[in-house]
Amino acid sequence: MAYHESKSATYEHISSPAISPDESIAIHPIRQSAQSNPLTKKEISLLAKRFSGKLLLRQEIEMDELLFSHLVSIHAFRPVPSIITSWKGETCQRCGNQSKALFAAMPCRKCQKRCIYCRKCIEMGRVLACQPLYEWTSPTIHWPSIKDPCSWRGSLTAAQEYASNRLIQALHERGEMLVWAVCGAGKTEMLFPVITEALKQGKRICIATPRADVVRELKPRLLQAFPKVSIQALYGGSEDKTGTAQLIIATTHQLLRFKAAFDVMIIDEIDAFPYNKDASLPFASNRAKKTPSTTIYLTATPRKEHQLLIQKSSFRMCLCLSAITVTRFLFHN
């Protein structure tokens, strides 16, 4: 099988995610103590908070090799093949790419061979076939149940309140729901009750959108509405890349680094580019969810395929509420 040739025979430099000041102070002693003594429960807990629910390249795990090797040996980190080859061809385990045109080969210093890599997700760091991805396997994180997390005291319209109650129902049933609401219908405020209920239950939430400007806009609004909650915004160029908060606001591309991380996934603008054109983004958002989980889709202009789903009998309900339509999906496995 032929691949595109890379003009460079050297590694692409990938900078590791930045660590917040508090985490830097906490992780540094772990590196020192692990050289002579077993890790304590507190140290393991700090590492779990940093890496749980992630699928990362080795370069993205900022940790000295001695500690990293120890964590692999005790199966705290599990290596996952980055690219799988079968009779059908290659599959990138990070982005799901299976297009032959989006794989290439280059000389590799590690395996001393010509190594296949994925061109589809290279902007997130080069995935080479000889270098696995890593996921944290133990222990799992238990997020805190937050009493009265929302400080917003505004009111919802009757349509917003009805839709919001349906979202809370989907949360309790761990279902999937599409909200069709025109621009200016107040989708963000309508989400506050279901986010509040999820936080009371100790769940982790992600609000994903295709656009970085929407992430930047949402962060201060959510910080103001949920002052007790740890909130981070992840997008290309964002200062914080750790992704350790209970409430994450992220571009859909950032979800390529997550796996089984979120109890509630809210995906905004599912009709917008690039989410509607790039198969790796729905792939990443689905993988980033826990099993079971709740998924909420938001759209102002549903595409034809979404409108066809609304018309089919596979939907439990389709309620037109002023500017808002709430549709409950029934997916058959």
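Trainee: Which residues does Leu-222 touch, not counting residues up to four places away in sequence?

Mentor: This is a predicted model: local features need pLDDT of at least 70, side-chain atom pairs count only at pLDDT 80 or more, and totals for chains, interfaces and linings use all residues. Numbering runs from 1 along each chain as its sequence is written, and side-chain values use heavy atoms, leaving out hydrogens and water. Contact means heavy atoms within 4.5 Å. With those sequence neighbours left out, Leu-222 touches Phe-192, Ile-207, Ile-231, Leu-247 and Ile-249.

Trainee: Which members of the largest nonpolar core touch the most other members?

Mentor: A nonpolar core is a set of buried Ala, Val, Leu, Ile, Met, Phe, Trp, Tyr and Cys residues joined through side-chain atoms within 4.5 Å. Buried means under 20% relative accessible area, exposed over 50%, partly exposed in between (1.4 Å probe, protein chains only). The largest core has 36 residues, and those touching the most other members are Ile-195, Leu-222, Phe-226 and Ile-266.

Trainee: Which helix gives the most to this core?

Mentor: Helices (H or I, at least four residues) and strands (E, at least two) are DSSP runs, numbered from the N terminus. Seven core residues come from one helix, spanning residues 187-200. That helix is H5.

Trainee: How many of the residues of H5 are buried?

Mentor: H5 is mostly covered. Its buried residues include Phe-192, Val-194 and Ile-195, but also Lys-187 and Thr-188. Of its 14 residues, the buried count is ten.

Trainee: Where is the kink in H5 centred?

Mentor: The bend at a residue is the angle between axes fitted to the seven residues ending there and the seven starting there. In H5 the kink is about 30°. Its centre is Pro-193.

Trainee: Which residue in S7 stands opposite Met-106?

Mentor: Strands pair if DSSP finds at least two bridges between them. S6 (residues 103-107) and S7 (residues 114-118) run antiparallel, joined by five bridges. They form a hairpin with six residues between them. Opposite Met-106 stands Cys-115.

Trainee: Is Ser-238 buried or exposed?

Mentor: Ser-238 sits in the loop between strand S11 (231-234) and strand S12 (247-251). Its relative accessible area is 7%, so Ser-238 is buried.

Trainee: Which side chain makes a polar contact with the side chain of Ser-238?

Mentor: A polar contact is a pair of N or O atoms within 3.5 Å; within protein, one must be able to donate a hydrogen and the other to accept it, and residues adjacent in sequence count only if both atoms are side-chain atoms. The Ser-238 side chain reaches the backbone oxygen of Asp-240 at 3.3 Å. The side-chain partner, at 3.5 Å, is Lys-241.
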